[in-house]
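Please work through the exercises below with the sequence and the model open side by side. Each task is followed by a solution that goes step by step.

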Amino acid sequence: MATLGDIAVSAAFNIVGAFAFLLAFALLRLQPINDRIYFPKWYISGKRSSPMHAGGSFVGKFVNLNFKTYFTFLNWMPQALKMSEAEIIDHAGLDSAVFLRIYLLGLKIFVPMAAVALVVLIPVNVSDGTLYSLNKDLVISNIDKLSISNVHSKSIKFFFHISMQYLFTFWTCYLLYKEYSRVASMRLRFLASQGRRAEQFTVLVRNIPHVSGRSTSDSVESFFRKNHPEHYLCHQAVYNANKSARLVQKRDRLQNWLDYNQLKFERNPEKRPRRKNCFLGLWGEKIDSIDFYKHQIKELDKKLTMERQKVLKDPKAIMPAAFVSFNSRWGAAVCAQTQQSKNPTLWLTKWAPEPRDIYWKNLAIPFVSLTIRRFIISVAVFALIFFYMIPIAFVQSLANLEGLEKVAPFLTPVTELKFIKSFLQGFLPGLALKIFLFALPRALMIMSKVEGYVAKSTLERKAAAKYYYFMLVNVFLGSIIAGTAFQQLRAFLHESATQIPRTIGVSIPMKATFFITYIMVDGWAGIASEILRLKPLVKFHLKNMLIVKTERDRVKAMDPGSVDFPETLPSLQLYFLLGLVYAVVTPILLPFILVFFAFAYFVYRHQVINVYNQEYESAGAFWPHVHRCIIWSLLISQLLLMGLLSTKEALSSTPLIIVLPILTLAFHNYCKNRFEPAFRKYPLEEAMDKDLEDRPSESDVKLKSFLADAYLHPIFRSFEEVESVEVRVDKRRAHSPSPSRSSSSSSDDDSHHLEDEPSQEEDEPSQEEAVLPLHYAYEPPSDAYHYVAEVLSNVYEYGTEPYHN
């Protein structure tokens, strides 16, 4: 059992580690060479340009030489608080704003709770000293003496704990109610404030019945013209185009190589790039690279055209599903929220996700197989959760070296070394558990994809739910059960059967020491590592040196990422669970949780503002899941306290606690009926108001044109249009000397303005203008110093092979 000294060692390790991460972040983010890593969101929105383009010395393009900025390395924290919530919604979306509110909710719940618990319960627990009279084989520590375990059986002091449980429950429910109401209102206001969007008018229809002699498209047209004659507008069939999608990915790679070689040629028009024509360009006859990739793309375009026509003509490629669009939001709301057929298993409708939220691969899954898939995955998740108990039990053995020494005395010489003992008990258990959980979120996301959900937001919520159940069973209950059985093994062998329940009841609060170490590893050092972005930093520079060939590659290399809901939400909910359970049992744990919520709020606010670029917008649709998990945490805390008091022979107090779960469930049911419909349905009143607002400026013809290809599968979009970022500069500018160009770059930013234009079919730039895929035309530098500067700059501007004269 970890002692206060062990906890202090762990705290020192984690505080030093967190400070090291923060210091490294503060220094790295100031360097121009890392600007795209720590501010990618501003680059994507076009509101920030690279400081490497500014004038100055060669070294200044890579290293910040303004030493005054190093004395304000912590100014990112007040800067993260400057943006208001309304501005965050405009800048990053409602999902990001609601995500940050979870951390604020944690602070609102636990700050008053910690103050009351530390002032009231700690003195009550310390005053008894009952642990000194227990069997000497039981392993205890000084932290246990601050917990409810230290109160003797049948004590009148348990009414303090029961009173605090009531107070904390009512306080938590009050804040949950206020927050649910606030988030629901924010969601409705956000939806009402949005302009015209495809998902507002579109419904996803599945399990369309097959009618002999009629195509799926004809069936949809006939059904909705008959049943929604005044509002039906158009529809888009769903195709199984997964094979074609792989060809599109291959074409993108070839186009990237073509862009790169054209870039090389435009930097040095006197020499066309060449490659070998055999396997991966490693051997064979040398041929023109531009002609080679153009030919490859042309041949692939023919295959794509044939595959596309094959999909369109093959009846088996058309799935019994369709995106149906209406001429009003009201008509779409009526269709999405009502039963369409007397057979409730046919013509199933639901709101269509926004186009960027669709996981296209799963639309090809037959609807009838979804139930089977989800049953199989449920069994697999159940097995995974319980088989994972084995490594969890092993981790718990590291958390209790005294208990391990009682069973394996030969380890005593090593474990009794003071520093090793403090390190193993105070730091290693939390780190080991964190490592065991590293790959789990990705595995659970794969399982959710197999289940067949068609929206990425839904996939992430389902993966988060699975991970929460895993954390609840393995990290929380598994840690208590495995730790208790191993820790008390010898005591069980020497006690009567009637004493075993009492021993278990006493030992549950003793796991607080393990959870304190886990909070410090995951919630302190782990959050600090999040802001450092070490993995994206290393990947960005490696890609710039080895892979990046075009501006599109550079944008991908920034890898801004997004809020990792499948992993972050369950971890948050675990902290709520630990705080609510141990607030009454071992209040000393609460300050560690408060540090986590406060620190994480600063870090994630900075990341949301400067880094994350959300892949989709669900308008806070995950909030009901968050609310439900906190309610579960409340119920678990009440039931565990009830069981704990039963081992303390406080049976007369049990009826007082039985009321709490009943009241909590009633509160949850009320909130579910009152607020959850705002996250599941769209009010007809809101839909009609929005329609009336837009009606003067909107016609069916314009709307049909807007919706025509909104839900078209990506492979059916025009793949002849190649996205490229080009800069047009006049001839005189293109051939200006390099040194003068560098010195005047800051004053000529307007001439470097980026434009999105189709790629040029010509092999060579015209006489009138130079077409440059990136920043400027290349001119060999006049001296060795500027030559080295240009070479290194081009590694980060153009790719891996800068032109050498």
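The exercises treat a sheet, some salt bridges, two backbone angles and two helices in turn.

This is a predicted model, in which local features need pLDDT of at least 70 and side-chain atom pairs count only at pLDDT 80 or more, while totals for chains, interfaces and linings use all residues. Residues are numbered from 1 along each chain as its sequence is written, and side-chain values use heavy atoms, with hydrogens and water left out.

**Exercise 1. The sheet**

Determine the order in which the strands of the open sheet are arranged, and state which helix packs on the sheet.

Solution. Begin with the terms: helices (H or I, at least four residues) and strands (E, at least two) are DSSP runs numbered from the N terminus, and two strands pair if DSSP finds at least two bridges between them. On that basis, 4 strands form an open sheet in the order 2-5-1-6, with antiparallel pairing. Strand 2 (232–239) and strand 6 (348–351) are the edge strands, each pairing on one side only. From one strand to the next, the twist averages 30 degrees, where axes are lines fitted to C-alpha atoms, for helices over the stretch in contact, and angles run from 0 to 180 degrees between N-to-C directions.

Next, take one pair in detail: strand 1 (residues 202–206) and strand 5 (residues 318–326) run antiparallel and are joined by 5 bridges, and Val203 stands opposite Val324 in strand 5. Finally, helix 11 (residues 329–336) packs on the sheet, touching strand 1, strand 5 and strand 6, and its direction makes about 130 degrees with that of strand 6; contact here means heavy atoms within 4.5 Å.

**Exercise 2. Salt bridges**

Count the salt bridges, and find which parts of the chain the pair Arg101 and Glu85 ties together.

Solution. The rule asks for a side-chain nitrogen of Lys or Arg within 4 Å of a carboxyl oxygen of Asp or Glu, and by it the count comes to 18 salt bridges. One of them joins the side chains of Arg101 and Glu85, at 2.8 Å from N to O. Because Arg101 lies in helix 6 (residues 94–126) and Glu85 in helix 5 (residues 85–92), the pair ties together parts that are 16 residues apart in sequence.

For burial, the cut-offs are under 20% relative accessible area for buried, over 50% for exposed and partly exposed in between (1.4 Å probe, protein chains only). Arg101 is buried at 7%, whereas Glu85 is partly exposed at 23%. Both residues belong to a network of salt bridges that links Glu85, Arg101, Lys108, Glu179 and Arg182.

A further pair is Glu354 and Arg356, whose closest N and O atoms are 2.9 Å apart; Glu354 is buried at 5%, and Arg356 is partly exposed at 42%.

**Exercise 3. Positive phi**

Locate Arg533 and Ala619, and decide whether each is buried or exposed.

Solution. As background, most residues other than glycine have a negative phi. Arg533, although not a glycine, has a positive phi of about 55 degrees, and Arg533 lies in the loop between helix 22 (512–532) and helix 23 (534–546). Its relative accessible area of 7% makes Arg533 buried.

Ala619 has a phi near 60 degrees, again a positive value in a residue other than glycine. Ala619 is in the loop between helix 26 (590–610) and helix 27 (623–647), and counts as buried at 4% relative accessibility.

**Exercise 4. Two helices**

Compare the span of helix 10 with the expected value, and describe how helix 25 is covered.

Solution. The expected span is 1.5 Å times one less than the number of residues. For the 25 residues of helix 10 (residues 289–313) this gives 36 Å, which agrees with the 36 Å between its end C-alpha atoms. At the start of helix 10, a side-chain oxygen of Asp288 comes to within 3.0 Å of the backbone nitrogen of Ile290. The buried residues of helix 10 include Phe292, Tyr293 and Leu300, and what covers the buried residues includes strand 2, helix 9 (242–267), strand 3 (274–276) and strand 4 (286–288).

Helix 25 (residues 565–585) contains Thr568, and 20 of the 21 residues of helix 25 are buried. Thr568 itself is buried at 10% and, not counting residues up to four places away in sequence, touches Phe99, Tyr103 and Tyr604.

Conventions:
Polar contact = N/O pair within 3.5 Å; in protein donor to acceptor, adjacent residues only side chain to side chain.
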